[in-house]
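Here is a set of short exercises to work through at your own pace. Keep the viewer open, try each task, and then compare your route with the solution below it.

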Amino acid sequence: MLTQYSLKMPKQVFGGENSLDRLAECLQGVKKAAVFTDAGIEGAGLLEPVLSRMKNADIPYDILKDLPPEPTYSQAQALVDAFKSSGCDYIIAVGGGSVMDTAKLASLCATDEYGIRELLDEPLKARKTIKTLMIPTTAGTGAEATPNAIVAVPEKELKVGIVNPEMIADTVILDPEMIKKLPRKIAASTGVDALCHAIECFTGNKANPFSDIFALEALDLILNNIEKACDDPEAIQEKINMQLGSFYAGIAITASGTTAVHALSYPLGGKYHIAHGVSNAILLMPVMRFNESACREKFAAAYDRCIRPKKHLDTEGKSNAVLEKMDGIVKHLNIPTSLAEFGVPKEDLEGLVKAGMEVQRLLTNNMREVTAEDARKIYQEVL
Ligand SMILES: NC(=O)c1ccc[n+]([C@@H]2O[C@H](COP(=O)([O-])OP(=O)(O)OC[C@H]3O[C@@H](n4cnc5c(N)ncnc54)[C@H](O)[C@@H]3O)[C@@H](O)[C@H]2O)c1
Ligand SMILES: [Zn+2]
């Protein structure tokens, strides 16, 4: 555990029913706002509640929506370029992690000094020059709370995280309306992503008292709500709890960091374009089983805090019960657990190991050291 720690959070967060009504006060003094989004969000009717409030407040806007899910850095740059020629002085992101990350990058790249390509090598040099407001529509990446933006880098066949505290949003609106109709498949994979954030941050080397508070509350909310939130369209309170849980897990990332699940999942997104939440779900249990001996006390603490009703168990029993709970969730949500379903051939094993081992930024957070041989065994389990 870290002995020194810090926490940076968005300056203002609005949550709860109709919190979108606070939009007008967030936009005071704004001349023209850029609304970053994508076609899926527009198709789901989620732009309308935002735009109608902007019209009521007489705030001019441009919509920037030409963004695929999990963009490459060039695709994200194209949207940033469109933003730069729009003359907007404020950024609103309405979407999942793909949209929020691109909007966050735009806030650093509004001057001509840096493009996203440069930030891959020198993430900390750029400064935010445009304020950002995040309205997440998945629950989720927690990108509304983190200093990270993840882009695919095709030449490396990897996804790469750009981390700069300046990217932490100025304002966040967590309105349940935005996630109430999330399709089950997206709710399941993005929900497991949030679960991974919570458990990885709690069991990582960078865990600390600040991150533990948020990681454990996130874990409690996610473990006890994810199944119903995904299964039952009417389970509004469970969906709200997932929205809160994914936001708290995002704060835990800012204070701590993810570990081997995310590290080994980056090549799966980068090379095979498997959705981020799905690739994490595939790796969650193999990595957690690998970590169990090193993280037993932490898993047992998670049991004490998050599992109800409790049984009389020793430390190992509690640890295994937490692993079983997570395993049950991944199975219940019918997320694929094998790479075979994505056409990944067994011959690609060595390439995966090489690419995964490059993600040392996250692997060094893992409490149990991950060698290339360990990574090979973990990938073999899911091939
Ligand atoms: N910045 C961070 O801290 C962080 C953390 C984790 C993941 N990420 C990144 O975020 C990206 C993934 O984001 P995501 O999982 O939120 O998915 P996403 O943003 O890629 O969206 C996936 C699809 O779901 C659709 N969608 C989103 N919300 C919807 C809704 N309410 N109703 C209907 N359709 C909806 C989108 O249109 C899109 O087609 C990846 O690039 C990942 O690497 C970033
Ligand atoms: Zn993630």
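The exercises below go from domains to cores, then to the metal site and finally to some backbone details; the model is a predicted one.

**Exercise 1. The two domains**

Task: find out which domains the chain is assigned, and how much area is buried between them.

Solution:
- Step 1. Start with the bounds: the assignment gives domain 1 (12–178) and domain 2 (184–382).
- Step 2. Place their C-alpha centres, which lie 25 Å apart.
- Step 3. Collect the residues in the contact: domain 1 supplies 25 residues and domain 2 supplies 29 residues.
- Step 4. Look up the area. About 2100 Å² is buried between domain 1 and domain 2, and carbon and sulfur atoms give 63% of it.
- Step 5. On the domain 1 side, the residues losing the most area to domain 2 are Ala139, Glu157 and Leu158, together 25% of what that side buries.

**Exercise 2. The nonpolar cores**

Task: describe the largest nonpolar core, and say where Leu133 belongs.

Solution:
- Step 1. In soluble globular proteins, nonpolar side chains tend to be buried together.
- Step 2. Here the largest nonpolar core has 114 residues, and Phe36, Leu284 and Met326 have the most contacts inside it.
- Step 3. Helix H12 (residues 276–306) contributes the largest share of this core, 14 residues. Both domain 1 (12–178) and domain 2 (184–382) give this core at least three residues each.
- Step 4. Pick Leu284 and skip its neighbours within four places in sequence: its contacts are Val192, Leu195, Cys196, Ile199, Val261, Met326 and Val330.
- Step 5. Another core, of 22 residues, lies apart from the largest one, and its members include Phe14, Val30, Leu46 and Leu133.
- Step 6. Leu133 sits in strand E5 (residues 132–136). Its relative accessibility is 0%, under the 20% limit, so Leu133 counts as buried.
- Step 7. Beyond four places in sequence, Leu133 is in contact with residues including Leu23, Tyr90, Ile92 and Ile173.

**Exercise 3. The zinc site**

Task: which protein donors hold the zinc ion (ligand 2), and why is their arrangement irregular?

Solution:
- Step 1. List the protein donors: Asp193 (OD), His197 (NE2), His262 (NE2) and His276 (NE2), lying 2.0 to 2.1 Å from the zinc ion (ligand 2).
- Step 2. Read their spacing along the chain, D-x3-H-x64-H-x13-H.
- Step 3. Map one pair onto the helices. Asp193 belongs to helix H7 (residues 184–203) and His262 to helix H11 (residues 260–272), 69 residues apart, so this pair links distant parts of the chain.
- Step 4. Check burial: Asp193 is buried with a relative accessible area of 2%, and His262 is buried as well, at 3% relative accessibility.
- Step 5. Examine the angles. The four donor atoms subtend 86 to 166° around the zinc ion (ligand 2), and the arrangement is therefore irregular. For a tetrahedral site, all angles would have to lie between 85 and 135 degrees.

**Exercise 4. Two helix residues**

Task: is Ser211 buried or exposed, and what does Ile253 touch?

Solution:
- Step 1. Find Ser211 in helix H8 (residues 209–223). Ser211 has a relative accessible area of 0% and is buried.
- Step 2. Leaving out residues up to four places away in sequence, Ser211 touches Lys206, Ala252, Ala255 and Ser256.
- Step 3. Move to Ile253, which is in helix H10 (residues 236–255) and is buried at 11%.
- Step 4. With the same sequence neighbours left out, Ile253 touches Thr141, Thr146, Asn148, His197, Cys201 and Thr258. Among these, His197 is a zinc donor.

**Exercise 5. Backbone details**

Task: where is the cis peptide bond, and where does Asn18 lie?

Solution:
- Step 1. Most residues other than glycine have a negative phi, and most peptide bonds are trans.
- Step 2. The bond from Arg308 to Pro309 is cis, with omega near -10°; Pro309 is in the loop between H12 and helix H13 (315–332).
- Step 3. Asn18 has a positive phi of about 60°. Asn18 lies in the loop between strand E1 (12–15) and helix H1 (23–26), and is partly exposed at 45%.
- Step 4. Asp58 has a positive phi near 60°. Its loop runs between helix H3 (48–56) and strand E3 (61–64), and Asp58 is exposed at 67%.

Technical notes:
Residues numbered from 1 in each chain as written. Chains lettered and ligands numbered in written order. Predicted model: local features only at pLDDT ≥ 70, side-chain atom pairs only at ≥ 80, totals over all residues. Heavy atoms only, no water. Core = buried A, V, L, I, M, F, W, Y, C linked by side-chain atoms within 4.5 Å. Buried < 20%, exposed > 50% of the residue type's maximum accessible area, 1.4 Å probe, protein only. Helix = DSSP H or I, 4+ residues; strand = E, 2+ residues; numbered from the N terminus. Domains from an automatic or database assignment. Contact = heavy atoms within 4.5 Å. Donors = N, O, S within 2.8 Å, 3.2 Å for Na, K, Ca; no water. Tetrahedral: all angles 85-135°; square planar, octahedral: opposite > 155°, others 65-115°. Buried area = accessible area lost by both parts, 1.4 Å probe.
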